[in-house]
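This report introduces one protein structure to a reader who has not met it before. Please keep the sequence and the structure in view while reading.

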Amino acid sequence: MSAARRLRDDFAALVAAGERTDLGRAALAIARIAYPTLEPAPHLAELDALAEGARERVVAARVPEGAAVALAGYLFGECGFRGNQQDYYDPRNSFLNDVLERRTGLPITLALVFMEAGARLGLSVTGVGFPGHFLVRVESDAGSVVLDPFFGGRLLDVGELLARYRAFLGPRGDGVTSLPSDVLAATDAPAILARMLRNLLHVYLDRRDHAHALEAVDLLLVLTPDAPEDVRLRGLLYERLECFGAALADLRRYLELAPGAPDAQAIDARAARLAHAAAAAH
């Protein structure tokens, strides 16, 4: 079995739990795109150690808001985790093992470190797919607090969140006076993993790294197997890599999923050419 096929099967087994997916293990599976022989145990132990390092101050805080601030202070202060503003599109920012080692990453991978450490300490932490910038939320009986792991884990009040949302909307945000409830909704594990993979996919596509882009979209299709655009993209990547039979199967599947797509005629013609290429390869 190829390393890519083994990775796909292992990832599928991990995410079969849906919302109960072990995010740490699944994120480390994603890292096997770049590190095929990666073993998760040392990196999971590092998450355990981070939680233990923060335990005393988190327990002393007593209330969830204070505990969240204490954990953020430990991770982003003492441990030095930070957003990679110098090289945001470095693919290593998307790999949990690299983030743990280098102490730098994207908003979503730094949020994942915070979430995993917080879960080990009994905090109710959820990821928030805020438009343009992933955040975390810590729940309590008295409400919740929102933090920004990319910028030192700082607390964000409603005013700053609204300002960020309006900036994201651009001119359309001028008349917005309150946050829609859905922008602070919890993001479940499959959606977090999909967002991580899509970030990585875009990096690889920009670099024209077709082999690694193929692995990223292949894992995306484990999460959303009937996403037409991802099926189409995988087919085109297979074609680039001269895997004509696999490319043909995906492009035909795309036409089944999106028969009325604007490019359906062009893809149909492409599939016909691939059928000839696949036949010639045999």
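The sections below treat the strands, a helix, the main pocket and two individual residues.

## Basis of the report

The structure is a predicted model, in which local features need pLDDT of at least 70.

## Strands β4, β5 and β6

Strand β4, residues 135-140, and strand β5, residues 143-148, run antiparallel and are joined by five bridges. The connection from β4 to β5 is a hairpin through two residues. Ser140 has Gly143 of β5 standing opposite.

Strand β5 is also joined to strand β6, residues 154-156, by three bridges, and this pair runs antiparallel. Within the pair, Leu147 stands opposite Leu155 of β6. The hairpin of β5 and β6 has five residues between the strands, and Gly152 in this hairpin takes a positive phi near 75°.

## Leu156 in strand β6

Leu156 belongs to strand β6. Its relative accessibility is 7%, so Leu156 counts as buried, the cut-off for buried being under 20%. In space, the C-alpha atoms of Leu156 and Val145 are 7.6 Å apart, while the two residues are eleven apart in sequence.

When neighbours within four places in sequence are left aside, Leu156 is in contact with Leu135, Val146, Asp148, Leu161 and Arg164. Of these partners, Leu135 falls within the residue range of β4, as do Val146 and Asp148 within that of β5.

## Helix α2 and its surroundings

Helix α2 is largely enclosed by the rest of the structure, because eight of its nine residues are buried. The buried residues are Leu23, Gly24, Ala26, Ala27, Leu28, Ala29, Ile30 and Ala31. Their cover includes α1 (3-15), α3 (41-61), α5 (96-102), α6, α8 and α9 (210-223).

The packing of α2 (residues 23-31) with α6 is described by an angle of about 145° and by axes that lie 10 Å apart. From α2, the contact is made by Leu23, Gly24 and Ala27, and from α6 by Leu112, Met115 and Glu116. Sorted by class, the contact of α2 with α6 has four nonpolar, one polar and one charged residues. Leu23, Gly24 and Ala27 thus take part in this contact and are also among the buried residues of α2.

## The largest pocket

The largest pocket has a volume of about 240 Å³. Its lining consists of 16 residues, and those nearest the centre of the pocket are Tyr88, Tyr89, Leu106, Arg195 and Asn199. Two elements, α6 (107-120) and α8 (189-206), give two or more residues to the lining.

Helix α8 supplies the largest share of the lining, five residues. By class, the lining of the largest pocket has seven nonpolar, six polar and three charged residues. Helices α6 and α8, which both contribute to this lining, are also included in what covers the buried residues of α2.

## Cys79 in a loop

Cys79 is placed in the loop between α4 (64-78) and β1 (82-83). With a relative accessibility of 15%, Cys79 counts as buried. Cys79 and Leu50 are 29 residues apart in sequence, yet their C-alpha atoms are 8.5 Å apart in space.

Apart from neighbours within four places in sequence, the residues in contact with Cys79 are Leu50, Tyr74 and Arg103.

Technical notes:
Residues numbered from 1 in each chain as written. Predicted model: local features only at pLDDT ≥ 70, side-chain atom pairs only at ≥ 80, totals over all residues. Heavy atoms only, no water. Pairing = 2+ DSSP bridges. Helix = DSSP H or I, 4+ residues; strand = E, 2+ residues; numbered from the N terminus. 1 Å grid on protein atoms, 1.4 Å probe; cavity = no way out; pocket = protein on both sides within 12 Å on 5 of 7 lines; lining within 4 Å. Points joined across faces, edges and corners; volume = space filled by probe spheres on them. Nonpolar A, V, L, I, M, F, W, Y, C, P; charged D, E, K, R; others polar. Axes fitted to C-alpha atoms, helices over the stretch in contact; angles between N-to-C directions. Contact = heavy atoms within 4.5 Å. Buried < 20%, exposed > 50% of the residue type's maximum accessible area, 1.4 Å probe, protein only.
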